[in-house]
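Grab a pencil and work through a few short exercises on the structure shown here. Each task is followed by a worked solution.

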Amino acid sequence: MSATATVPVQDAREERRGLRLPGPIALWVVAAASVAISLAREISNNDDLTSANTFGVAIRTAAPIALAGLGGLYAERSGTINIGLEGMMIMGTVFAGWWAWEYNPWMGVLGGVIGGALGGLVHAFATVTFGVNHIVSGFAINILAPGVARFMANLLFEGESGGSVTNSPGASGEIGVFTMPVLSGGPLLGWKDTPDPLGSLADRQWFLVSDIASLLKALTTELRLDLVLVIVLFVASVYVLWRTRFGLRLRSAGERPSAADSLGVSVVFYRYVGMLISGGLAGMAGSVLVIGANRYSQGQTGGRGFLGLATLVVGNWRPAGVAAGAGLFGFFDGITQRIDPGQLILAAILAAAILLAFGIVYSVMQLRPGPALLMAIGGAVLLWVYLTIDDIRSEFVFMAPFVVTLIVVASRGQASRPPAQAGIPWRKGSQN
Amino acid sequence: MNRRLLTTFAAPALAAVAAIVVSSVAVLVAGESPATAFKAMWSQIDSTESIVLIVNRAVPYYVAGVAVAIGFKMNLFNIGANGQYVLAALLAAAAGAAVDLPAPIHVAMIMGIAVVVGATWAAIPALLKAYRGVNEVISTIMLNYVATNLIAYLLAEHFRNPDQPNIRETRVLPESARLPSLNSLFEAIGFDFGPGVVLHGFLPVAIVLGIGYHVLLNRSRFGFNLRVSGENPTAARAAGISPRRMIIVTLIMSGAIAGLIGIGPLIADPQFYKYGDQFPVSYGFIGLSLALLGRNHPVGMAAAALVWATIERATQALSFVDIPQEIGIILQGSFLLSAIIAYEIVRRLSADAETRAASRETPGTRTIAEAPA
């Protein structure tokens, strides 16, 4: 009896040995990543790695992925797995293309939200009301959505000037951009040329300082207004989900539905609401693509709904994690639009190798040789690639986000924390 | 028995009605009459040529259905069948064009390579799930995209036909690597399809696969273990069936069969005999749909494959009467969606009925349960 009891205690003590960092580990990861990227820029002598332009492209390509991921977050937090994000995003693109052309770009965003929410409603109807397996229903939506989108495009755009079954006519008008006054030189109440301290800092190439300044510069300079809305939605989601009664109830439907039910919270209602928000956000992700390209085109989503799902897993079901994952994937997605993508990828590989070196130091301080060894092998491979290969083919660039996701998911193991009851059908009276 | 028949056929019938209603609404939205649409669709499939074309199309669909159904039997979603079979088809096409062998050995080699490649690619999610607990839905979705890019790279850099520098495709397979059509077989029993109509030679392979699937599932020890693990994991573990081993074997077997999905088009369809940009890349998704519609049953999936191919053939006629062809995808998608909902409704109703029947048959249960201890 006592012998069996002492074993786990010893394990726990072993876990606590070695050095522990103060504060949340996530902040340390962000700090280490920043230093690694700055170092990689200095060593590879590739200033474009952290230029405001590169960050700008990454933000534009990351936004739809991030929104889809946020959509997945609302679904899974309320207890529904949403494999149908891609399909809902497709619905969003066709509605957004339609309304952006018929009315204006802002109506396009609204249309995208509505189109995606329709898909979310179907998914909620199947999974919440009828208890259909969540993967099956989401899969069916992914099959149905492209057909509906093409059918709508055929009816709406075919024969119109500039439109066809595969793309809508251009949007009517621009959505507008925003530049922060005083920090990035935007106009302020008639004062046209306010100072641009971020821009001048970014140009100095000071270690770490300039890199962070470029990121902030990209976030505050000529940012499309729909992307500003994306940032607002992320901040608002953190508040709503973790600081309001609504958020607590929504999450309780995903963590412990029977407990929520016993306290008078309607699990069915919150799962429906969660799915409508999820579909709406996925649809808006589609509208962001449409506004970026100024029109709907067939196949526009290109798997970004699935990438959004991947950010959810990589980001451990948290908004900040989703945003970070989307930023990384957006970098890979947008990098091919830059002048010399092969060199940028090599610099990014060097940054990853440096980050792994930090990880090795941390693991050694924690007296955990296993992870340290694995990271050493991974780092050695990356370093070898950096030193021996001159150019990276675009196919491997596109592959990178998916491989990163696989590695993260495989290496995290027990640290993964999805909502406890996500994906498990719930009926009133069941015990889960 | 009657009740069982009813529950088996009620759901698909309900779903078919729902799908016809939805697509009729879509036709009305398009400003045409559903009667015109369905009449045109019927006249399109009402010929021997159409039936042969439908069977040709249904064969790889059926192989895909069997491949994912094996996973489904253990509640494993092999969404990665697409990546598994396309990678297998590319490597088999490249290897098949590179060597010269006598006919039966050549064909066997191509099939063998496809099976091994499919199984190997499926081994990644299998091992990740068994040893790291990674959900196979996530890993197979990711691996599909990895495969897509890997294939694009391999085709562009290594396996491209050097005689066709402007087209991305492998070299054409030699005669010895192709499966002959079944026309002569049918002509021998006095059945002539008419000029230009070819029944592809992969049909017997699909039939053998279907029978093999049935035997494996219902007549073998492994099949028993598989069904137990899928229906009651706790009971399976108590009976000494290793869940880890079952996950690995099942997913790898699913991938091995998935490897054959593209081989029908590759070696039996005169349209291909090579891997190129025109090669179909999403039959795996169709296989998932068919396994769901046919409830993983060997005959049910065959019926579903024929329905799927029939819808595709029939809706080709819609463009002649100025109706969007996309009605076909809407018909398929709404059929699938309503079918899975209908199956769930029927399952719940029959489960409730069974509970009621059980409590009727044992009248004492309630009083015993409620009696104070």
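The exercises below concern a predicted model and go from a whole chain down to single residues.

**Exercise 1. Compare the radius of gyration of chain A with that of a compact globule.**

Start with the chain length: chain A has 432 residues, so a compact globule would come out near 22 Å. Chain A itself has 23 Å, which agrees. Next, look at the extents: the C-alpha trace spans about 70 × 60 × 45 Å along its principal axes. Then check burial: 50% of the 432 residues in chain A are buried. Finally, take the contacts between residues at least 6 apart in sequence: in chain A, 73% of these join residues at least 24 apart. For the secondary structure tally, chain A has 17 helices and two strands.

**Exercise 2. Work out how the two domains of chain A meet, and which helices of domain 1 take part.**

First, the bounds: domain 1 covers 23-179 + 222-410, and domain 2 covers 180-220. Their C-alpha centres are 27 Å apart. The contact uses 15 residues of domain 1 and 16 residues of domain 2. On the domain 1 side, the elements giving two or more residues are helix H2 (25-44) and helix H3 (52-77) of chain A. H2(A) provides the largest share of that side, six residues. Sorted by class, the domain 1 side holds six nonpolar, six polar and three charged residues.

**Exercise 3. Describe the side of chain B that touches chain A.**

Begin with the head count: 35 residues of chain B contact 34 residues of chain A. Now find the elements of chain B that give two or more residues: helix H5 (103-132), helix H6 (136-157), helix H13 (283-293) and helix H15 (327-361). Last, the classes: this side of chain B has 26 nonpolar, six polar and three charged residues.

**Exercise 4. Find the best-connected members of the largest nonpolar core.**

This core has 241 residues, and those touching the most other members are Ala64(B), Ala89(B), Leu90(B) and Ala114(B). It takes at least three residues from each of domain 1 and domain 2 of chain A. Zoom in on Ala89(B): beyond its neighbours within four places in sequence, its contacts are Ala114(B), Gly262(B), Ile263(B), Leu266(B), Tyr275(B) and Phe279(B). A separate core of six residues includes Leu250(A), Ala253(A), Val267(A) and Tyr270(A).

**Exercise 5. Check the length of helix H11 of chain B, then classify Ala239(B) as buried or exposed.**

H11(B) runs over residues 243-258, which is 16 residues. At 1.5 Å a residue, the expected span is 22 Å, and the end C-alpha atoms are indeed 22 Å apart. Its buried residues include Met246(B), Ile247(B), Leu251(B) and Ile257(B).

Now step back to Ala239(B), in the loop between helix H10 (233-238) and H11 of chain B. It has 12 C-beta neighbours inside 10 Å, so Ala239(B) is exposed. Its C-alpha is 9.4 Å from that of Val228(B), 11 residues away in sequence.

**Exercise 6. What is unusual about the phi angles here?**

Recall the rule: most residues other than glycine have a negative phi. Asn294(A) has phi near 70 degrees, a positive value. Asn294(A) sits in the loop between helix H12 (267-293) and helix H13 (304-314) of chain A, and is partly exposed because 17 other C-beta atoms lie within 10 Å. Trp317(A) also has a positive phi, about 60 degrees. Trp317(A) is in the loop between H13 and helix H14 (319-334) of chain A; with 19 other C-beta atoms within 10 Å, Trp317(A) is partly exposed.

Note on methods. Residues are numbered from 1 along each chain as its sequence is written. Chains are lettered from A and ligands numbered from 1 in the order in which they are written. This is a predicted model: local features need pLDDT of at least 70, side-chain atom pairs count only at pLDDT 80 or more; totals for chains, interfaces and linings use all residues. A nonpolar core is a set of buried Ala, Val, Leu, Ile, Met, Phe, Trp, Tyr and Cys residues joined through C-beta atoms within 7 Å. A residue is buried if 20 or more other C-beta atoms lie within 10 Å of its own, exposed if 12 or fewer, and partly exposed in between; C-beta atoms are placed from the backbone. Domain bounds come from an automatic or database domain assignment. Two residues are in contact if their C-beta atoms, placed from the backbone, lie within 7 Å. Helices (H or I, at least four residues) and strands (E, at least two) are DSSP runs, numbered from the N terminus. The expected span of a helix is 1.5 Å times one less than its number of residues. Ala, Val, Leu, Ile, Met, Phe, Trp, Tyr, Cys and Pro count as nonpolar, Asp, Glu, Lys and Arg as charged, and the others, Gly among them, as polar. The radius of gyration is taken over C-alpha atoms; the globule rule is 2.2 Å times the number of residues to the power 0.38.
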